[in-house]
Amino acid sequence: MPRPLSIDIRERALARLVRGESIRTIAEALDIAPSSVVKWSQRYRQTGSVAPAKLGGNRPRLIVGAHGVWLRARIARDRPFTLRSLADELAARGLQVDTVTLWRWLRQEGWSFKKKRSAQRAG
């Protein structure tokens, strides 16, 4: 992901916008995309600053607490399951997760997908 443009360019673009220049002339003069000027002006109206938002970081885990306890019990109770069916059951309990989130949670819990030997092709 590219780095955000400097605060100096952002402030100069906003100052020109306040003076009444059009977005396209500002973008052309500063050699930036017109959409950047629009987004910076929107950010300034919403937050009062043209500083870029925080980049990166970690998202908190979604399957924790009571949902994790329920999911462990559900898996132990009924072995043949699909990730989609587990996602649907969690959605019915009020937690929207996708199959990738479930897959990562299962891997962290030590579960893995193993094909049964009887299902392998002969020869």
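**Helix packing and nonpolar cores**

The crossing of α4 and α5 is right-handed. In this predicted model, the contact between these helices draws on His-67, Trp-70, Leu-71, Arg-74 and Ile-75 from α4, met by Leu-86, Glu-89 and Leu-90 from α5. Sorted by class, this contact of α4 with α5 comprises five nonpolar, one polar and two charged residues. As for geometry, α4 and α5 pack at an angle of about 135°, and their axes lie 12 Å apart. Because of that angle, α4 counts as oblique to α5.

The helix pair also takes part in the largest nonpolar core, a set of 12 residues made up of Ile-63, Trp-70, Leu-71, Ile-75, Leu-86, Ala-87, Leu-90, Leu-95, Val-97, Leu-102, Trp-105 and Leu-106. At least two residues of this core come from each of α4 (66–77), α5 (83–92) and α6 (99–108). Leu-86 offers a handy view of the surroundings: leaving aside residues up to four places away in sequence, Leu-86 touches Leu-71, Arg-74, Ile-75, Phe-81 and Leu-102. A second core, separate from this one, has eight residues, among them Ala-13, Leu-30, Val-37 and Trp-40.

Turning to another helix pair, α1 (residues 7–19) packs with α2 (residues 23–30) at an angle of about 145°, with axes 10 Å apart. The crossing of α1 and α2 is right-handed. Here α1 contributes Ile-9, Arg-12, Ala-13, Arg-16 and Leu-17 to the contact, while α2 contributes Ile-23, Ile-26, Ala-29 and Leu-30. By class, the contact of α1 with α2 holds seven nonpolar and two charged residues, with no polar ones.

Key. Residues numbered from 1 in each chain as written. Predicted model: local features only at pLDDT ≥ 70, side-chain atom pairs only at ≥ 80, totals over all residues. Heavy atoms only, no water. Core = buried A, V, L, I, M, F, W, Y, C linked by side-chain atoms within 4.5 Å. Buried < 20%, exposed > 50% of the residue type's maximum accessible area, 1.4 Å probe, protein only. Helix = DSSP H or I, 4+ residues; strand = E, 2+ residues; numbered from the N terminus. Contact = heavy atoms within 4.5 Å. Axes fitted to C-alpha atoms, helices over the stretch in contact; angles between N-to-C directions. Parallel < 35°, antiparallel > 145°, perpendicular 65-115°, else oblique. Left-handed = near helix turned anticlockwise from the far one by under 90°. Nonpolar A, V, L, I, M, F, W, Y, C, P; charged D, E, K, R; others polar.
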